[in-house]
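Colleague: I would love a close look at one part of this model, and I am happy to have the details in one go. Could you walk me through it once we both have it on screen?

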Amino acid sequence: MTIPISGPSSTRPTPESPTHPIRPARRPAPEHDTVQLTESQQVQMLVQQGDSVSQIATSLSLSAAIVDSYLGIQAAVPAIPAAPVTQPPSTTISTSPTASLTKG
């Protein structure tokens, strides 16, 4: 992403410089000055413009986690669930007559 910057550029001689400064060969001036922003700077700029994390991630083709990291947002760490309480198998003693062993 490039952002044009412009402003008047003055070449006033300073007291130490001669009144007729030596000028280098003139190159054609670009139509606009531009600045190349890093991904992090682009994210910061879009947040300042009011974009959400998901909008920024989509427009810059980044994951939401990367956008969060540029913004200093730490992902919530899921709580470790408590281990399920297991009870030992119950031992039941049957007193019914069908439960007795018979010789056959």
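Among contacts in the chain between residues at least 6 apart in sequence, what percentage join residues at least 24 apart? After that, please zoom in on helix H1 and how it packs with helix H3.

Modeller: Gladly! This is a predicted model, in which local features need pLDDT of at least 70 and side-chain atom pairs count only at pLDDT 80 or more, while totals for chains, interfaces and linings use all residues. Residues are numbered from 1 along each chain as its sequence is written, and side-chain values use heavy atoms, leaving out hydrogens and water.

To your question: 58% of the contacts between residues at least 6 apart in sequence join residues at least 24 apart, a contact being heavy atoms within 4.5 Å. The chain has three helices and two strands, in the order β-β-α-α-α from the N terminus. These are DSSP runs numbered from the N terminus, with at least four residues for a helix (H or I) and at least two for a strand (E). Of the 104 residues, 10% count as buried (under 20% relative accessible area; exposed is over 50% and partly exposed lies in between, with a 1.4 Å probe and protein chains only).

Now to your helix. H1 covers residues 39–48 and H3 residues 64–71; they pack at about 85 degrees, with axes 9 Å apart. The axes are lines fitted to C-alpha atoms over the stretch in contact, and angles run from 0 to 180 degrees between N-to-C directions. That makes H1 roughly perpendicular to H3 (65 to 115 degrees; under 35 is roughly parallel, over 145 roughly antiparallel, and the rest oblique). On the H1 side, Glu-39, Ser-40, Val-43, Gln-44 and Val-47 meet Val-67, Tyr-70 and Leu-71 of H3. By class, this contact has five nonpolar, two polar and one charged residues (nonpolar: Ala, Val, Leu, Ile, Met, Phe, Trp, Tyr, Cys and Pro; charged: Asp, Glu, Lys and Arg; polar: the others, Gly among them).

Val-43 reaches further still. Leaving aside neighbours within four places in sequence, Val-43 is in contact with Ile-56, Leu-60, Leu-62, Val-67, Tyr-70 and Leu-71. Val-43 also belongs to the largest nonpolar core, along with Leu-46, Ile-56, Ala-57, Leu-60, Leu-62 and Val-67; such a core is a set of buried Ala, Val, Leu, Ile, Met, Phe, Trp, Tyr and Cys residues joined through side-chain atoms within 4.5 Å. H1 and helix H2 (53–60) each supply at least two residues of this core, and H2 gives the largest share, three residues.

One more H1 residue deserves a look: Gln-42. Gln-42 is buried, at 9% relative accessible area. A polar atom of the Gln-42 side chain lies 3.1 Å from the backbone oxygen of Leu-37. Towards H2, the C-alpha atoms of Gln-42 and Ile-56 are 8.9 Å apart, across 14 residues of sequence.

Finally, the stretch leading into H3: Ser-61 sits in the loop between H2 and H3 and is exposed, at 66%. Its phi is near 55 degrees, a positive value in a residue other than glycine. Within H3, Ala-65 also counts as exposed, at 56% relative accessibility.

Definitions and conventions:
A polar contact is a pair of N or O atoms within 3.5 Å; within protein, one must be able to donate a hydrogen and the other to accept it, and residues adjacent in sequence count only if both atoms are side-chain atoms.
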